[in-house]
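I sat down with this one to jot notes as I looked things up. The entries follow the order in which I got curious.

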Amino acid sequence: MSASRPVSHADLARVAGHAGLELKAVGADALRRALRAGLARTGGTGVEEYLLRLEADPAERRLLAGEAVVQESWLFRDREAFAALSRMAQAHVKDKHEPFRVLSVPCAQGEEPASAAAALLHAGLEPRRFVVDAADASPAALEAARSGLFGPASVRGPAADAPSGCPADPAAQALAGAWTFFQATDQGLRLAPQALERITFIEADATSPAFLAGHSPYHAILCRNLLIYLLPEARERLARNLERLLAPGGTLFASPAEAGAFAALGLSPWSACALRSAPKAARPKAPGTSRAAARPKAAAPGRRTPAAPPVSSSGPDAGPDSVPAPTLDEARALADQGRLEEALQAIEAHLALCGPSAEPHYLQGVAQLARGRAREAEQALRKALYLDPAHAGALTHLALLRQAQGRADEAALLTGRAARAGEERP
């Protein structure tokens with residue numbers, strides 16, 4: 001590396017900070033590699049000069065971030081998400097004349113937007129009835145994506161992607177037909193022209209306040225494996241951009257590892273798994289490394305939860321003498337339907353009649369997290385842990401909350417406790 005002095009860890013942290021990146025998440029090697037590329041690109045001779053360049057040049061910050069964050073994905077990664085996307089698009093074009101709009105950010109080398117376009121064509125949508133915009137900060141990644149060509153690393157077995165603890169989804173099984181829009185060639189799989197031409201590739205910084213300014217809102221946004229690399233300030237900017245770009249009733253698809261963090265930022269990502277019982281939720285090894293661990297348990301498609309209907313006669317106001325306590329299964333069922341206010345009322349009624357225990361407080365915390373109420377979520381999760389210090393589900397979600405708050409050390413400690421608890425209670 002051409003530099004006037006050796007690059008220290010503190011230098012790397014400063015470089016990462018200018019780009020809105022969390023050095024610990026990105027990794028020193030990746031940041032050092034991006035810095036080396038930045039110096040070569042700008043003709044700089046040292047880190048101090050490059051830091052000045054970063055301060056003054058938003059485009060250079062975007063390029064640095066695009067190179068430091070190495071995106072790895074594969075076709076139809078998370079099949080349930082693409083099956084759900086297909087169902088949403090089918091319902092949309094049935095009722096409305098406007099095209100179904102999808103945004104993939106970051107799009108990396110194109111696996112995600114290609115999967116979306118193929119899935120929508122397979123779902124029976126005419127090409128004119130949908131558009132897919134694919135944004136990324138890396139020109140090199142976009143160049144690869146525009147080719148529509150995917151090598152062996154982009155094709156991985158569906159069994160490896162099967163979510164643990166989730167019921168089988170017939171639509172996900174039917175998604176296999178979408179592979180017909182990829183043709184085998186000597187160079188790899190090539191996306192069919194009718195799918196590729198529906199994708200518009202855009203070079204842009206998703207954390208910039210000007211990100212896709214002037215674009216029409218999207219009915220679905222796929223934003224996965226980006227939030228975890230960002231500093232808290234950049235996370236907030238990303239969340240506000242997605243909130244601005246998401247159409248009313250639209251759906252945000254996030255990675256399981258980031259769902260809790262998005263929830264803490266006021267967004268409610270779609271989840272393939274419904275709110276379910278603690279034993280299954282209590283087995284994750286660690287946020288970000290286990291699909292089940294990080295998967296949000298309140299399945300409320302879209303960023304906005306429905307308004308709470310009036311409390312029914314069987315609610316908590318009916319009195320303990322005339323109405324049995326709502327069961328936690330009933331509370332979960334309400335949350336599964338996105339009726340989070342009712343679910344919380346049912347949990348409160350259950351607690352009032354049955355007394356405190358860890359599981360209802362844990363469910364409270366998850367539901368509050370899904371509503372974007374971080375403080376209330378933390379209070380409930382802490383109550384669950386007071387009653388059951390080894391409640392892996394509560395530990396996992398509290399770790400996600402800490403990660404979203406930028407308190408990585410605390411998150412790591414909680415993650416370790418959750419992993420140990422999961423091993424002790426298989």
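Below are my notes, from the whole chain down to single residues.

**Entry 1: the overall picture**

I reminded myself at the start that this is a predicted model. I then pulled the secondary structure and got 20 helices and eight strands in the protein chain. For burial, I found that 55% of the 426 residues count as buried. I also checked how far contacts reach along the sequence. Among contacts between residues at least 6 apart, 75% join residues at least 24 apart.

**Entry 2: strand β7 and its partners**

How many of the five residues of β7 are buried? I went through residues 218–222 and got five of the five, so the strand is largely enclosed by the rest of the structure. The cut-off behind that call is under 20% relative accessible area.

Next I asked which strands pair with β7. One is β1, residues 100–104, which runs parallel to β7 over three bridges. The other pairing I noted is with β8, residues 246–253, again in the parallel sense, this time over four bridges.

I picked I221 to follow across the strands. L103 stands opposite I221, and in β8 the bridge partner of I221 is L252. That put I221 in my notes with a partner in β1 and another in β8.

I also traced the path from β7 to β8. Helix α11, residues 232–245, belongs to that unit, and β7, α11 and β8 together make a right-handed β-α-β unit.

**Entry 3: the second largest pocket**

α11 turned up again when I looked at pockets. The second largest pocket holds about 370 Å³ of space. It is lined by 26 residues, and the closest to its centre are R62, A65, D205, A206 and T207.

Which elements each supply at least two residues of this lining? I got α5 (58–68), β2 (130–136) and α11. α5 gives the most, with five residues. I sorted the lining by residue class as well: 15 nonpolar, six polar and five charged.

**Entry 4: a three-stranded sheet**

I then turned to an open sheet of three strands, in the order β3-β5-β4, with antiparallel pairing. β3 (149–150) and β4 (182–185) stand at the edges with a single partner strand each, so one side of each has no neighbour in the sheet.

For the β3 side, I looked up the pairing with β5, residues 188–191: antiparallel, over two bridges. L149 stands opposite R190 of β5 there.

I carried on along the chain from β3 and stopped at S154, in the loop between β3 and α9 (170–174). Is S154 buried or exposed? Its relative accessible area is 7%, so I wrote it down as buried. Leaving out residues up to four places away in sequence, S154 touches S73, W74, L75 and E111.

**Entry 5: backbone oddities**

I searched the backbone for unusual angles. The peptide bond from V105 to P106 is cis, with omega near -10°. P106 sits in the loop between β1 and α7 (111–122).

A108 is found in that loop between β1 and α7 too. Its phi is near 50°, a positive value in a residue other than glycine. A108 has a relative accessible area of 5%, so I logged it as buried.

Where is F76, my other entry with a positive phi? F76 lies in the loop between α5 and α6 (79–95). Its phi is about 55°, although F76 is not a glycine. At 4% relative accessibility, F76 counts as buried.

**Entry 6: a look at A28**

Last, I went to helix α3, residues 28–42, and picked A28 in it. With 27% relative accessibility, A28 counts as partly exposed. Beyond its neighbours within four places in sequence, A28 is in contact with L12 and L23. I also took the C-alpha to C-alpha distance from A28 to H9, which are 19 residues apart in sequence, and got 7.6 Å.

How values were computed:
Residues are numbered from 1 along each chain as its sequence is written. This is a predicted model: local features need pLDDT of at least 70, side-chain atom pairs count only at pLDDT 80 or more; totals for chains, interfaces and linings use all residues. Side-chain values use heavy atoms; hydrogens and water are left out. Buried means under 20% relative accessible area, exposed over 50%, partly exposed in between (1.4 Å probe, protein chains only). Two strands pair if DSSP finds at least two bridges between them. A crossover is right-handed if, with the strands pointing away from the viewer, the path from the first strand over the helix to the second runs clockwise. On a 1 Å grid over the protein atoms alone, a cavity is a set of points where a 1.4 Å probe fits but cannot get out, and a pocket is an open set with protein on both sides within 12 Å along at least five of seven lines; lining residues have an atom within 4 Å of a point. Grid points are joined across faces, edges and corners, and a volume is the space filled by probe spheres set on the points. Ala, Val, Leu, Ile, Met, Phe, Trp, Tyr, Cys and Pro count as nonpolar, Asp, Glu, Lys and Arg as charged, and the others, Gly among them, as polar. Contact means heavy atoms within 4.5 Å.
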